[in-house]
Amino acid sequence: MLNLKKILQKRGEPGVEFSEQDELERIQLATCVVLLEVAKSDDEFSSVEETTITSILKKEFQIPAEAIEELLEVSGKKREESVDIWEFTNLINKNYSKEERMRIIECAWKIIYADEKLNRYEDHFVHKLAKLLRLRHHELIDAKMKVLDKIRSG
């Protein structure tokens, strides 16, 4: 089970060191917040988007279902409390390789196309996210085409 409440309580305390497991959970939390922000960028959060996020978290982090529920709940609260997503993308940038950041953009496109449509708010947000994750425009488009090719091939 994740220990997210402990991690959030420790955050910001002077001299607090995070264990490797705590750091992993902070990165998972940051990634989940970003994925929720993608899903809600069009002011709709459908059950298919939630299912897609759950599937991504299981695959990317091998998190058990009951822990995913907690992660989604805590991430949702954290997302609502935050002014922007910079703090989360900054943590991701410090800990993820370019390939891992590319996977996050691919996941963003999967979430966006989970409801089989792209609207201008989602498109704007994913472009902003790519910049925050220090990815180039062609990398964003490559990720989009990769996801669309998978969708089209069934």
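Visitor: Which residues touch the most other members of the largest nonpolar core?
Guide: This is a predicted model. Its largest nonpolar core has 44 residues. Those that touch the most other members are Ile-53, Leu-57, Ile-105, Trp-109 and Leu-129.

Visitor: Which helix gives the most to this core?
Guide: At least two residues of the core come from each of helix 2 (20–40), helix 3 (47–61), helix 4, helix 5 (86–95), helix 6 (98–112), helix 7 (120–132) and helix 8 (137–153). The most, ten residues, come from helix 2.

Visitor: What does Leu-129 touch, not counting residues up to four places away in sequence?
Guide: Leu-129 is one of the core residues that touch the most other members. With residues up to four places away in sequence not counted, Leu-129 touches Val-34, Val-38, Ile-85, Thr-89, Ile-105 and Ala-108.

Visitor: How many helices and strands are there in the chain?
Guide: Read along the sequence, the pattern is α-α-α-α-α-α-α-α. That gives a chain with eight helices and zero strands.

Visitor: What percentage of the residues count as buried?
Guide: Buried means under 20% relative accessible area. The chain has 154 residues. The part of them that counts as buried is 47%.

Visitor: How far apart are the end C-alpha atoms of helix 4?
Guide: Helix 4 covers residues 65–81, which is 17 residues. At 1.5 Å a residue the helix should span 24 Å, so the distance found in the model agrees with what is expected. The end C-alpha atoms of helix 4 are 25 Å apart.

Visitor: Which residues of helix 4 are buried?
Guide: An α-helix has 3.6 residues a turn, so residues three or four places apart point the same way. In helix 4 the buried residues are Ala-67, Ile-68, Glu-70, Leu-71, Leu-72, Val-74, Ser-75, Gly-76, Lys-78 and Arg-79.

Visitor: Is Ser-41 buried or exposed?
Guide: Ser-41 sits in the loop between helix 2 and helix 3. Its relative accessible area is 14%, and the cut-off for buried is under 20%. Ser-41 is therefore buried.

Visitor: Which backbone oxygen lies 2.8 Å from a polar atom of the side chain of Ser-41?
Guide: Not counting residues up to four places away in sequence, Ser-41 touches Tyr-121, Glu-122 and Phe-125. The backbone oxygen that lies 2.8 Å from a polar atom of the Ser-41 side chain belongs to Val-38.

Visitor: Is Glu-50 buried, partly exposed or exposed?
Guide: Glu-50 is in helix 3. Buried means under 20% and exposed means over 50%. Because Glu-50 has a relative accessibility of 37%, it counts as partly exposed.

Visitor: What separates the C-alpha atoms of Glu-50 and Leu-72?
Guide: Leaving aside neighbours within four places in sequence, Glu-50 is in contact with Phe-45 and Leu-72. Glu-50 and Leu-72 are 22 residues apart along the chain. Their C-alpha atoms are separated by 9.2 Å.

Visitor: Which residues form an aromatic pair that is stacked?
Guide: The structure holds one aromatic pair. Its rings are 5.9 Å apart centre to centre, with 25 degrees between the planes; planes under 30 degrees apart count as stacked, so this pair is stacked. Both residues are buried. They are Trp-109 and Tyr-113.

Visitor: How many disulfides does the count come to?
Guide: Cys-32 is buried, with a relative accessible area of 0%. Cys-107 is buried as well, at 4% relative accessibility. A disulfide needs a pair of cysteine sulfur atoms within 2.5 Å. By this rule the number of disulfides is zero.

Definitions and conventions. Residues are numbered from 1 along each chain as its sequence is written. This is a predicted model: local features need pLDDT of at least 70, side-chain atom pairs count only at pLDDT 80 or more; totals for chains, interfaces and linings use all residues. Side-chain values use heavy atoms; hydrogens and water are left out. Helices (H or I, at least four residues) and strands (E, at least two) are DSSP runs, numbered from the N terminus. The expected span of a helix is 1.5 Å times one less than its number of residues. Buried means under 20% relative accessible area, exposed over 50%, partly exposed in between (1.4 Å probe, protein chains only). A nonpolar core is a set of buried Ala, Val, Leu, Ile, Met, Phe, Trp, Tyr and Cys residues joined through side-chain atoms within 4.5 Å. Contact means heavy atoms within 4.5 Å. A polar contact is a pair of N or O atoms within 3.5 Å; within protein, one must be able to donate a hydrogen and the other to accept it, and residues adjacent in sequence count only if both atoms are side-chain atoms. Rings of Phe, Tyr and Trp (its six-membered ring) pair if their centres lie within 6.5 Å; planes under 30 degrees apart count as stacked, over 60 as edge-to-face and the rest as tilted.
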